[in-house]
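Trainee: Could you go through this model with me? I'd like to start with the charges and then work inwards.

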Amino acid sequence: MACRRMSSSSCRASCGPDTAAPLAVYTDIDDDELDGLLTRYDIGRAVDLKGIAEGVENSNFMLQTDSGQYILTLYEKRVNPDDLPWFLDLMTHLSERGLACPVPVVRRDGAVLSQASGRPAALVTFLHGRWPRRPKPFHAHGVGRGLAQLHNAGQSFGRARPNDLSVSAWRPLLERCGPRADEVMPGLHAELLAELDLLERNWPADLPQGVIHADLFPDNVFFIREELSGIIDFYFACTDTLVYDLAICLNAWCFEQDGAFNITMARQMLSAYQAGRPLSRAEFEALPVLARGAAMRFLLTRLYDWLNHPPGAFVTPKDPLEYWRRLKFHRGVKSASAYGLDF
């Protein structure tokens with residue numbers, strides 16, 4: 001049965017680490033292939049399919065069947081297919097332990113991965129809510145609480161996946177940018193080399209490890225009014241230092257558009273996280289260097305994308321200097337109490 005189609009949707013399914021796109025459907029799926037795909041599931045027949053206009057890594061669609069709403073994702077070449085079972089099994093594991101997140105739909109044969117339009121494909125459950133365009137303190141509180149819940153639930157997952165974008169990957173990434181970094185800001189290359197030297201010497205070891213989201217930006221968190229209703233996009237999740245995930249969130253949520261650090265947002269986030277998963281003194285004291293590292297990680301991926309943006313590409317790269325300004329703030333932090341919470 002052919003379904004009614006629309007070309008775009010304001011709904012949010014998946015977003016890459018830090019870029020924005022006007023259109024994110026790279027691979028389409030025709031009606032016959034969609035109908036064939038759905039014969040493998042017990043979710044009814046297609047009624048409507050809408051391409052989702054946000055997200056940069058994969059092709060995402062909101063699917064309405066006669067049994068409900070789902071998100072269909074076709075995984076593009078940027079995603080390693082070998083990692084997909086880990087990501088999908090993690091979402092199932094976290095959901096079973098109470099975290100509000102998408103749940104992969106199981107096929108009749110027990111599998112969760114399919115093929116469609118020449119791409120690996122999966123269906124996940126639909127989450128209601130909206131991501132906050134202008135985050136407020138209650139959003140930061142909800143994110144801190146949700147992140148603690150994610151970290152606690154992930155402890156029993158029992159399967160590891162290395163973080164391909166952790167500190168050991170930053171120098172090779174900067175080397176790929178090379179002196180062209182100075183095209184973005186004079187002297188930037190030397191500044192980043194010196195910062196990498198410091199981070200590599202001082203990167204914390206022996207802190208608690210586990211599953212981290214690694215990309216918990218505002219567009220990956222849904223709220224209904226003031227309550228967190230879901231966490232999405234686990235395709236950068238990995239095994240790493242838990243409090244590093246919190247440092248990523250400090251960068252992603254606690255700076256104003258003018259670059260000013262919002263200590264109220266940070267205090268709300270840290271206190272909510274601490275209530276759900278208390279930090280050790282070593283974790284608390286490591287926050288400044290981890291926040292510097294998180295700023296460096298997103299600065300470098302933005303810088304690489306900025307310098308290697310092909311003409312006519314779907315994605316519009318974001319300004320790497322936004323994270324240079326955040327990095328400079330963290331460089332001036334003398335103790336973790338500057339983030340609004342004392343140990």
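Mentor: Bearing in mind that this is a predicted model, the chain carries 36 positive and 42 negative charges, and the mean positions of these two sets lie 3 Å apart.

Trainee: And what does the accessible surface of the chain come to?

Mentor: The accessible surface amounts to about 14,500 Å², and carbon and sulfur atoms account for 51% of that area.

Trainee: How many helices and strands are there?

Mentor: The chain has 9 helices and 10 strands. Its radius of gyration is 20 Å, close to the 20 Å that the globule rule gives for 343 residues, so the chain is as compact as a globular protein of that length. The C-alpha trace spans about 65 × 45 × 35 Å along its principal axes.

Trainee: What share of the residues counts as buried?

Mentor: Of the 343 residues, 57% count as buried. In soluble globular proteins, nonpolar side chains tend to be buried together.

Trainee: Which residues touch the most other members of the largest nonpolar core?

Mentor: That core has 88 residues, and those touching the most other members are L192, F234 and L303. Helix 8, which covers residues 281–307, supplies the largest share of this core with 14 residues.

Trainee: What does L303 touch, leaving out residues up to four places away in sequence?

Mentor: With those left out, L303 touches L174, C177, A181, V184, L188, L192 and P320. Apart from this core there is a second, separate one of 17 residues, which includes I29, L38, L49 and A121.

Methods. Residues numbered from 1 in each chain as written. Predicted model: local features only at pLDDT ≥ 70, side-chain atom pairs only at ≥ 80, totals over all residues. Heavy atoms only, no water. Core = buried A, V, L, I, M, F, W, Y, C linked by side-chain atoms within 4.5 Å. Buried < 20%, exposed > 50% of the residue type's maximum accessible area, 1.4 Å probe, protein only. Helix = DSSP H or I, 4+ residues; strand = E, 2+ residues; numbered from the N terminus. Contact = heavy atoms within 4.5 Å. Rg over C-alpha atoms; globule rule 2.2 N^0.38 Å. Areas by Shrake-Rupley, 256 points an atom, 1.4 Å probe, with all protein chains shown as cover. Lys, Arg positive; Asp, Glu negative; His and termini not counted. Charge placed at Lys NZ, Arg CZ, Asp CG, Glu CD.
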